[in-house]
Amino acid sequence: MTNSPRIRTVLSCSLLVVSLGAGVTACGESDSHPLSATPYDAAGQISFNGAEGTAKADPDKPLEVMAKSKNGRITDVTVTDAAGRYLAGELSADGARWHSTAPLAAGARYAARVSTEDKSGSPGRRILTFDTAPAKKKLKVTFGPEAGKYGVGQPVTAELSAPVKGKEARAVVERGLRVESKPSVDGAWHWVDSENLHFRPKEYWPANATIEVRSNLEGIKVADKLYGGATKVLKLTTGDRIEAVTDAGSHYMTVKRNGEVINTIPVTTGKPGYSTRNGVKVVLGKEYFVRMRGTSIGIPEGTSDSYNLPVYYATRVTWSGEYVHAAPWSVGSQGSSNVSHGCTGMSTGNAAWFYETVRQGDIVKVVNSYGDTMDTFGNGFGDWNLSWDKWRKGSALLAGTQDGRSPVDAARLRPEV
């Protein structure tokens, strides 16, 4: 007896569910709206200028999808390549024609998903697949330096196999070049000339960072008849932050590791007429032995400034021949005067220590010299002597934009996850 009300409640709920179910079924049986129908095959309703089968579509021509008659229209077109990249396009107001508004990739496979409707509003669907012809002229990118471990001042370089001119084409290249750093940094590409770019962070790379450089340009149209080619991924790491600062006025070099002074070395730099270049340089390499001759910098043999010397523990900082090296013949001047022909000289013991301490990409800075400032490009890596604002102006994407983690920066330099 006490359970009767509960039983009645359950039965009432059951009847309600059945009633609702019947209502849904009845509605389904009576629904004849054309949009609820299974889409028909729209193959006979559309045409396109791609090439199905073994033929290849011309990537230099826009893709077009057209309605064959006025008895139907196109309602939507979505085109993607095998890498999942979408092809931008535009559909006419009357649904008679869709055309791509961005270049097709060369040597790619595409799928075009086309939706239509006939005069009665019934939906149609067709998937068109086609391949594009390979590029006749490919832009190859060679990243530098070689994979390995470097100092925090090492720029990343990109050498192009063909010149790229014009802001629009250069912007395409920059969008396709990706640099990922952990820890993350703000950075930018800078066009040295039409065939070379350098990438550097706003500040030096973090110590003990991992860096991965890749190109997503394969198949992408860069300029007329020029498409991106395949590029090998470059992986780099950085070591400790080593900075050597030579004060040509006090004749001492201070060496720091991760901000802490680890050595102070008496040195001699370039004498008047041969003053050492000021500014930030980057270690280019190390040579245990080098034969240095005055003729290599234009000094005639037999003159008072002529020299021909065996040099040990030579750390190169410019391509034109500026080194940090052992100079036992000038120990008496080290720490007190400048007597070299432009190099930074020190005792053999100190030079050996410096040689063993630094690696390619470490920072060597000279201050208070009467020499010119290190060239930004062409004689090594003087990239860090350019202010960040001026560096950004060398980017086709960032010139004229404000500093900071803009959407463009984020797209090209991904933060650490």
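Phenylalanine 48 is buried, since its relative accessible area is 16% and the term applies under 20%. This residue belongs to a predicted model, and the report describes its aromatic contacts and then its two leading pockets.

**Aromatic contacts**

The structure contains 10 aromatic pairs. In one of them, phenylalanine 48 meets phenylalanine 130 in a tilted arrangement, with 5.8 Å from centre to centre and 55° between the planes. This contact joins distant parts of the chain: phenylalanine 48 lies in strand 2 (residues 46–48) and phenylalanine 130 in strand 9 (residues 123–132), 82 residues apart. Phenylalanine 130 is also buried, because its relative accessible area is 2%.

Phenylalanine 130 has a further ring partner in tyrosine 110. The two centres are 5.4 Å apart and the planes meet at 15°, so this pair is stacked; the limit for that class is under 30 degrees. Tyrosine 110 is located in strand 8 (residues 109–118), 20 residues from phenylalanine 130 in strand 9, and this pair too links distant parts of the chain. Both tyrosine 110 and phenylalanine 130 are buried.

Elsewhere, ring pairs connect Tyr288, Phe289, Tyr312, Tyr313 and Tyr355 into a cluster. Tyrosine 355 also has a charge over its ring: the charged end of lysine 286 sits 5.0 Å from the ring centre. The charged end of arginine 200 is placed over the ring of tryptophan 391, at 5.0 Å from its centre.

**Pockets**

The table gives the volumes of the two pockets.

| Pocket | Volume |
|---|---|
| Largest pocket | about 620 Å³ |
| Second largest pocket | about 480 Å³ |

Thirty-one residues line the largest pocket, and Met292, Ile297, Tyr307, His341 and Cys343 lie nearest its centre. Strand 25 (285–293), strand 26 (308–316), strand 27 (323–326) and strand 28 (344–346) each contribute at least two residues to this lining. The largest share, four residues, is that of strand 25. By class, the lining of the largest pocket comprises 12 nonpolar, 14 polar and five charged residues.

The second largest pocket is lined by 22 residues, with Ala102, Pro103, Val172, Ile220 and Lys221 nearest its centre. Helix 2 (167–176) and strand 18 (221–223) are the elements that supply two or more residues to this lining. Helix 2 provides the largest share, five residues. The lining of the second largest pocket consists of 14 nonpolar, two polar and six charged residues.

Note on methods. Residues numbered from 1 in each chain as written. Predicted model: local features only at pLDDT ≥ 70, side-chain atom pairs only at ≥ 80, totals over all residues. Heavy atoms only, no water. 1 Å grid on protein atoms, 1.4 Å probe; cavity = no way out; pocket = protein on both sides within 12 Å on 5 of 7 lines; lining within 4 Å. Points joined across faces, edges and corners; volume = space filled by probe spheres on them. Nonpolar A, V, L, I, M, F, W, Y, C, P; charged D, E, K, R; others polar. Phe/Tyr/Trp six-rings, centres within 6.5 Å; stacked < 30°, edge-to-face > 60°. Buried < 20%, exposed > 50% of the residue type's maximum accessible area, 1.4 Å probe, protein only. Lys NZ or Arg CZ within 6 Å of the ring centre and 35° of its normal.
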